[in-house]
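Here are my notebook pages from a session with this model. Pull up the view and follow along with me.

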Amino acid sequence: MAKNDTEVRAPATTAKLSLPTLTTMVVGSMVGAGVFSLPRRFAQETGVAGALIAWAVAGTGMLMLAFVFQNLAVRRPDLDAGVYAYAKAGFGEYLGFFSAFGYWASACVGNVTYWVLIMSTVGTLWPALGEGDTVLAVVLSSAGLWLFFALISRGVKEAAAINRIVTIAKIVPILVFVILALCYLKPSVFADNFAGADYAGSLFQQVKGTMLATVFVFLGVEGASVYSRHARRREDVGRATVLGFLSVFAIFASVTIVSYGIMPMSEIADLRQPSMAGVLEHAVGTWGQVFVSVGLIVSVLGAYLAWTLMAAEVLFVAAKDDDMPRFLKRSTAADVPVPALVMTTLLSQLFLVVTLFSDDAFNFALDLTSALTLIPFLLAAAFAVRVGVRGELVVALLATLYTAFLIYAAGLKFVLVSFIVYAPATALFVMARKEQGRRLFSPRELVILAVSVAGAVLGMVALTLGWISL
């Protein structure tokens, strides 16, 4: 499953997909609403030099991951139950379960960022909403969350027309932003921002601080291999992956780099989200903010619809593979997995409430979304190392090293918070094992359980004593 802002499905037809069509589908699956937040997030961490290095590291690492998923799709076509299937095949059912749960939880937390962005955007006109982190903002977001639940549970399964509008709403404002920012770019401001502000720290710290943000916007790179069996030629999948990835990479990097030529980075860092709107307003006036804000709201509403379906599908597919309790297999006559949809909505609701206790609601949700995907990505890359040959092995090793570096870059805070999310999920694993009449844990699985529980306990203690904060 790919973390993207539109539900991208291969056409239900026997016609084969051409390279341009495949490339367009890859681009559509990767361009996300998170790009609207990039200027502020990067300016909070790094200057131009650090941003250039960060994008080089992220671009190379994510391209390696893209090749990993492409290679695994070709080498192991029998594993078609999502990213977590690789963890299960390579490292056992319990880690496969954790991978499935982590990927699903990441999708749910990612959905929270959409509501925070919407409320923060509307908050420019209605101050009571703050930056999407006030009680009123959470109440309105919760109403929207359950309204979408009611809509989807009635059978809104396909949203092709909405997805086309969403794609245009995302890409057009981004391209207009980059073009206008280039026209209004001030070389002196760009030069002042090159080394970074005093608060940014060393160049290494600057690069490290941006890593989770780059993971968030690149989520969806794992989806390219989904189209393999629909390709006119098998090799077109790899070409589409590279072309689509490079196109998206150019868009993401451009948004952050051109922003440094409009305002001092300290001022960008203080902008409210979506910061892209604030940067454009500074360059061209109020209409620039309105233009970006309208595009973002349309984009995010469509994104939430598609990704609620996508998140529920992760649980549904895992349950059909007996990796989740059987009640999650149920679906309606309209083919909507309502129990999985309820679980998805409840977890999103929980994290929506948690944002009230965060110092920066959007950045917290963004970073946690990224952190929760790192275990599934690391296990998939490590599995590719086990099954890879020749050139594939080199790519898999690079992807594994990159993902391990991301876990380091996430820092102890998000590692511990991830444990707090992961550990209680074992209750679902126990339910599934009991339903199948199997032993709950093998000796190896007990070790994994002990590590996850210890990490969760340490995380709770750290939060209680103030060693870490949300």
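**Arg40 and its surroundings**

I began with Arg40 and looked up its partners: setting aside neighbours within four places in sequence, Arg40 is in contact with Glu131, Ile268, Ala269, Leu271, Arg272, Gln273, Ser275 and Asp360. A reminder to myself before going on: this is a predicted model.

Where does Arg40 sit? I found Arg40 in helix α2, which covers residues 38–45. Is Arg40 buried or exposed? Its relative accessibility is 6%, so I noted Arg40 as buried; the cut-off for that is under 20%.

Next I checked two distances. The C-alpha atoms of Arg40 and Ala269 lie 4.6 Å apart, although 229 residues separate the two along the chain. I also saw that the side chain of Arg40 comes to 2.9 Å from the backbone oxygen of Leu271.

**The chain as a whole**

I then stepped back for the totals. The protein chain has 19 helices and zero strands. Of its 470 residues, 59% are buried. I looked at contacts with a separation of 6 or more, and 81% of them join residues 24 or more positions apart. The accessible surface comes to about 18100 Å², and 68% of that belongs to carbon and sulfur atoms.

**The core**

Which residues have the most contacts inside the largest nonpolar core? I wrote down Phe101, Phe252 and Met324, in a core of 144 residues. Helix α5 (residues 93–122) gives the largest share of this core, with 19 residues. I followed Met324 further: not counting residues up to four places away in sequence, Met324 touches Phe97, Ala100, Phe101, Leu315, Ala318, Ala319, Leu428 and Ala432.

**Helix α4**

Why did I note helix α4 as largely enclosed by the rest of the structure? Six of the eight residues in this helix (residues 84–91) are buried, so the surrounding structure largely encloses it. I listed the buried ones as Tyr84, Ala85, Tyr86, Ala87, Gly90 and Phe91. Just after α4, I found Gly92 with a positive phi of about 100°.

**A patch on the surface**

My last stop was outside. Val453, Val457, Leu458, Val461, Leu465 and Trp467 form a nonpolar patch on the surface, and together they have about 560 Å² of accessible area. I picked out Leu458, which is in helix α19 (residues 443–465). Leu458 has 42% relative accessibility, so I entered it as partly exposed.

Methods
Residues are numbered from 1 along each chain as its sequence is written. This is a predicted model: local features need pLDDT of at least 70, side-chain atom pairs count only at pLDDT 80 or more; totals for chains, interfaces and linings use all residues. Side-chain values use heavy atoms; hydrogens and water are left out. Buried means under 20% relative accessible area, exposed over 50%, partly exposed in between (1.4 Å probe, protein chains only). Helices (H or I, at least four residues) and strands (E, at least two) are DSSP runs, numbered from the N terminus. Patches are made of residues with over 30% relative accessible area and no salt bridge: like charges are joined within 9 Å, nonpolar side chains (Val, Leu, Ile, Met, Phe, Trp, Tyr) within 5 Å. Accessible areas come from the Shrake-Rupley method with a 1.4 Å probe; for residues, only the protein chains shown count as cover. A salt bridge is a side-chain nitrogen of Lys or Arg within 4 Å of a carboxyl oxygen of Asp or Glu. Contact means heavy atoms within 4.5 Å. A polar contact is a pair of N or O atoms within 3.5 Å; within protein, one must be able to donate a hydrogen and the other to accept it, and residues adjacent in sequence count only if both atoms are side-chain atoms. A nonpolar core is a set of buried Ala, Val, Leu, Ile, Met, Phe, Trp, Tyr and Cys residues joined through side-chain atoms within 4.5 Å.
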